[in-house]
Amino acid sequence: MTIKRRTFMKGTLAGSAIGVAVGAGLLTPRAVLAAWPKQAFESKSTADALKALHGSAEAASSGDITVKAPDIAENGAVVPITISTTLGDLKSISIIAEKNPVPLVATYDMGSTAEGYISMRIKMGKTSNVMAVVNSGGKLFEAKKEVKVTIGGCGG
Amino acid sequence: MAKGIKVRAKEKGGVVTVKALISHPMETGGRKDKKTGKKIPAHFIQEVKVTHKGKDALTAHWSGGVSKNPYLSVKVKDGKKGDTVGIAWVDNKGESDSVEAKVK
């Protein structure tokens, strides 16, 4: 673990909170640590997560976003979700499971060549809405779909 | 071939559909080991980058709420058969992996 040693030798990081985390083995390349939206991923509510991510929780409902998800998820540990949108000037797509302990599941920073399409599998703790929030040209739009969960998938 | 990423990329009408399956435990940090009763520490992918022709197409920021052995499919414009597509990830422990594939 050469990065750990180097960090301790530098001394500057070692005394800080990051240094403690690094020393404790929660080693993360600094670039990723800076870019990962920690506050958003620690928010306990959809509104707080959106505020942390986008500066606002105001999102207009949009028919140009499709949330494809099962009506009933047999296994909450693996719920297939597909978000597609025809909205232009795509900056980001965020996926929220409203009743999860951490509602924000994932957020995607879209480059100029990315199409409005994300397909993935998420964990859901209980029946809740799955919401997609799209940042199009700096404005937020959302669509949601309720997914019933028979066996929760968040752990334990 | 990277140990834990399977990727396929297909082009149709100039749009490349990338499908990736990543091997990773994606532990939230909230699950308890049934035998010891102790919490299993958080161990999940935080960032995934998808590149096309060497440029970032999109960057994903993930939490432990993404399912174990994550599947991800995205679409990228302006693609041709033979282009190179890349997937790279970094997790909260600083572990990482990456792979490249040609668009078919």
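The exercises below, each with a worked solution, concern strands, loops and the contact between chains A and B in a predicted model.

**Exercise 1.** Determine which side chains of strand β2 of chain B point to the buried face, and which strands pair with β2(B).

*Solution.* Begin with the side chains along residues 15-22 of chain B, which alternate between two faces. B:Val16, B:Val18, B:Ala20 and B:Ile22 point to one face and are buried, whereas B:Val15, B:Thr17, B:Lys19 and B:Leu21 point to the other face and are not buried. Next, take the pairing with strand β1 of chain B (residues 5-12), which runs antiparallel to β2(B) and is joined to it by 8 bridges. Within this pairing B:Lys12 has B:Val15 as its bridge partner, and the hairpin leaves 2 residues between the strands, with B:Gly13 taking a positive phi near 60°. Finally, turn to strand β5 of chain B (residues 71-76), which pairs with β2(B) in the antiparallel sense over 6 bridges; here B:Leu21 stands opposite B:Tyr71.

**Exercise 2.** Describe how chain B meets chain A, going from the residue counts to the strand that pairs across the chains.

*Solution.* Start with the counts: the contact takes 32 residues from chain B and 36 residues from chain A. On the side of chain B that touches chain A, the elements giving two or more residues are β3, β4 and β5 of chain B, and β4(B) gives the most, with 7 residues. Sorted by class, this side of chain B has 12 nonpolar, 12 polar and 8 charged residues. The last step concerns β5(B), which pairs in the antiparallel sense with strand β7 of chain A (residues 114-122) over 4 bridges, and in which B:Val74 stands opposite A:Ile118.

**Exercise 3.** Locate A:Asp89 and B:Lys53, state the phi of each, and decide whether each is exposed or partly exposed.

*Solution.* Most residues other than glycine have a negative phi. Against that background, A:Asp89 has a positive phi of about 45° although it is not a glycine, and B:Lys53, likewise not a glycine, has a positive phi of about 55°. As to their places, A:Asp89 is in the loop between β4 (79-85) and β5 (90-97) of chain A, while B:Lys53 is found in the loop between β3 (45-52) and β4 (55-62) of chain B. For the degree of exposure, count the C-beta neighbours: A:Asp89 counts as exposed because it has 11 of them inside 10 Å, and 12 or fewer is the cut-off for that class. B:Lys53, with 16 other C-beta atoms within 10 Å, is therefore partly exposed.

Methods
Residues numbered from 1 in each chain as written. Chains lettered and ligands numbered in written order. Predicted model: local features only at pLDDT ≥ 70, side-chain atom pairs only at ≥ 80, totals over all residues. Buried ≥ 20, exposed ≤ 12 C-beta atoms within 10 Å, placed from the backbone. Pairing = 2+ DSSP bridges. Contact = placed C-beta atoms within 7 Å. Nonpolar A, V, L, I, M, F, W, Y, C, P; charged D, E, K, R; others polar.
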